[in-house]
Amino acid sequence: MTNETRAGLPGELFTTIDHVGIAVPDLDEAIAFYAQAFGVQSVHEETNEEQGVREAMLAVGDGGTRIQLLAPLTPESTIAKFIGRSGPGLQQLAFRVEDVEAVSATLRERGLRLLYDEPRRGTADSRVNFIHPKDAGGVLVELVQPATGH
């Protein structure tokens, strides 16, 4: 059975797992821990004011899949609230998509709620949206369309 014929649904929406996001209280300490404990190195760091985070992408294996460490910029940020509610740890699962608008539209047609009406800027100028955790089995699912050329 092909992807197109399975239950009459279109082909796969996701191209791969892009990253797993982990909320941490201190980014520098977390980067050092992952390097020392697991030999995983940071390959990209930035501050995203809109999302209220300082973040690092750590390359795993061949670098195609990453771990994203997210530290809050302010006590009011979403990540700070997550850490306050749940403690540090797994915060999101992110899937790479080719067209975030098209995937978002398909998911909305399937009855899923997305957090944003329009995609927002993500890491390294990617375009992102999120599926509401209540519609995804309690998991915050991120849709990531990498910036052109990445």
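Which residues make up the largest nonpolar core here? Keep in mind that this is a predicted model. The core has twelve residues. Here they are: Ile22, Val24, Leu27, Ala30, Ile31, Tyr34, Val40, Ala56, Leu58, Ile67, Leu69 and Ala71.

Where do they come from? Helix H1, residues 27–38, supplies at least two, and so do strand S3, 53–60, and strand S4, 65–72. H1 gives the most, with four residues.

Take Leu69, one of the core residues. Set aside its neighbours within four places in sequence. Leu69 then contacts Ile22, Val24, Leu27, Ala30, Ile31 and Tyr34. Its contacts also include Arg54, Glu55, Ala56 and Leu58.

There is a second core, separate, with ten residues. Among them are Leu13, Phe95, Ile131 and Leu143.

Now to H1. Twelve residues at 1.5 Å each should span 16 Å. The C-alpha atoms at its ends are 16 Å apart, so expectation and model agree.

Which residues of H1 are buried? Leu27, Ala30, Ile31 and Tyr34 are. Look down the helix axis: the buried residues fall within an arc of 100°, so they line one face of H1. On the other side, Glu29 and Gln36 are exposed. What covers the buried residues? The cover includes S1, strand S2 at 42–48, S3 and S4.

Next, the ends of H1. Asp26 caps the N-terminal end. One of its side-chain oxygens lies 3.1 Å from the backbone nitrogen of Asp28. After the helix comes Gly39, with a positive phi near 70°.

One more residue: His19. It sits in strand S1, residues 16–23. Is His19 buried or exposed? Its relative accessibility is 2%, and buried means under 20%, so His19 counts as buried.

What does the His19 side chain pair with? There is a polar contact of 2.7 Å to the side chain of Asp18. Another polar contact, at 3.1 Å, goes to the side chain of Glu142.

And what does His19 touch, leaving out residues up to four places away in sequence? Met57, Arg66 and Gln68 are on the list. So are Gln92, Leu93 and Ala94. Glu142 and Val144 complete it.

To recap. The largest nonpolar core has twelve residues, and H1 gives the most to it. The buried residues of H1 line one face. His19 is buried in S1, with side-chain polar contacts to Asp18 and Glu142.

Notes. Residues numbered from 1 in each chain as written. Predicted model: local features only at pLDDT ≥ 70, side-chain atom pairs only at ≥ 80, totals over all residues. Heavy atoms only, no water. Core = buried A, V, L, I, M, F, W, Y, C linked by side-chain atoms within 4.5 Å. Buried < 20%, exposed > 50% of the residue type's maximum accessible area, 1.4 Å probe, protein only. Contact = heavy atoms within 4.5 Å. Polar contact = N/O pair within 3.5 Å; in protein donor to acceptor, adjacent residues only side chain to side chain. Expected span 1.5 Å × (residues − 1). Arc of directions from axis to C-beta.
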